[in-house]
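Hi everyone, thanks for coming. Please have the sequence and the picture open while I talk, and stop me whenever something is unclear.

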Amino acid sequence: MFGYILFRIIVGLFFAFAPAFVWFILIGWLFKEAEPSDAALLVFRWIGYITLFIVAMNILGFFFP
């Protein structure tokens, strides 16, 4: 279970603090000389925040039942 939580934390941090890198890994490699739009970066950043929030609630649920 700890490995799953650690994986989700790492994914959430990448999405929240490096959305351009995540965009390139998921979508950007398909196109030549393409750059992510501001909306795409915002969506990826919010996905990261939501993921980190869900992980935090999961951790609090385990430590404080």
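I will go from the surface to the ring pairs, and then on to a few single residues. Please keep in mind that this is a predicted model.

Let's start with the surface. There is a nonpolar patch of about 1,300 Å². Its residues are Phe2, Leu6, Ile10, Phe14, Phe21, Phe24, Ile25, Leu26, Ile27, Trp29, Leu30 and Phe31. The elements that give two or more residues to this patch are α1, residues 2-17, and α2, residues 19-26. One of the patch residues is Phe2, and you will find Phe2 in helix α1. Is Phe2 buried or exposed? Phe2 counts as exposed, because its relative accessibility is 63% and the cut-off for exposed is over 50%.

Now for the aromatic rings. Searching the whole structure turns up three aromatic pairs, and I will talk about two pairs, starting with Phe14 and Phe21. The ring centres of Phe14 and Phe21 are 5.8 Å apart and the planes meet at 35°, so we call this pair tilted. If you are new to this, a pair of aromatic rings is described by the distance of the centres and the angle of the planes. Both partners belong to the nonpolar patch I just showed you. Phe14 is partly exposed, at 42% relative accessibility, and Phe21 is partly exposed too, at 45%.

Here is another pair: Trp46 and Tyr49. What kind of pair do the rings of Trp46 and Tyr49 make? The centres are 5.5 Å apart and the planes are at 90°, so this pair is edge-to-face. Both residues sit in helix α3, residues 38-63, and because they are three residues apart there, about one helical turn separates them. Trp46 has a relative accessible area of 48%, so it is partly exposed; Tyr49, with 34%, is partly exposed as well. Trp46 also gives us a long step in sequence to look at: Ala16 is 30 residues away along the chain, and the C-alpha atoms of Trp46 and Ala16 are separated by 6.7 Å.

Let's stay in helix α3 and meet Phe44, which has its place there. Why do we call Phe44 buried? Its relative accessible area is 10%, and buried means under 20%, so Phe44 qualifies. And what does Phe44 touch, once we leave out residues up to four places away in sequence? The list is Phe15, Pro19, Val22, Trp23, Leu26 and Ile27. Leu26 and Ile27 may sound familiar, since they were also in the nonpolar patch. For another distance, take Phe44 and Trp29: they are 15 residues apart along the chain, with 16 Å between their C-alpha atoms.

Further along helix α3 comes Thr51. Thr51 is buried, with a relative accessible area of 13%. The side chain of Thr51 reaches the backbone oxygen of Ile47, at 2.7 Å. Not counting neighbours within four places in sequence, Thr51 is in contact with Arg8 and Gly12.

Gly12 comes back when we turn to Ile54, another residue of helix α3. Ile54 and Gly12 are 42 residues apart in sequence, and their C-alpha atoms are 9.7 Å apart in space. Thr51 was buried, whereas Ile54 is exposed, with a relative accessible area of 53%.

My last stop is the loop between α2 and α3, where we find Glu33. Most residues other than glycine have a negative phi. Glu33, however, has a positive phi, near 55°. Glu33 also counts as exposed, at 84% relative accessibility.

That's my tour. Thanks for listening, and I am happy to take questions!

How values were computed
Residues numbered from 1 in each chain as written. Predicted model: local features only at pLDDT ≥ 70, side-chain atom pairs only at ≥ 80, totals over all residues. Heavy atoms only, no water. Patch = residues over 30% accessible without salt bridge, like charges linked within 9 Å, V, L, I, M, F, W, Y side chains within 5 Å. Areas by Shrake-Rupley, 256 points an atom, 1.4 Å probe, with all protein chains shown as cover. Salt bridge = Lys/Arg side-chain N within 4 Å of Asp/Glu carboxyl O. Helix = DSSP H or I, 4+ residues; strand = E, 2+ residues; numbered from the N terminus. Buried < 20%, exposed > 50% of the residue type's maximum accessible area, 1.4 Å probe, protein only. Phe/Tyr/Trp six-rings, centres within 6.5 Å; stacked < 30°, edge-to-face > 60°. Polar contact = N/O pair within 3.5 Å; in protein donor to acceptor, adjacent residues only side chain to side chain. Contact = heavy atoms within 4.5 Å.
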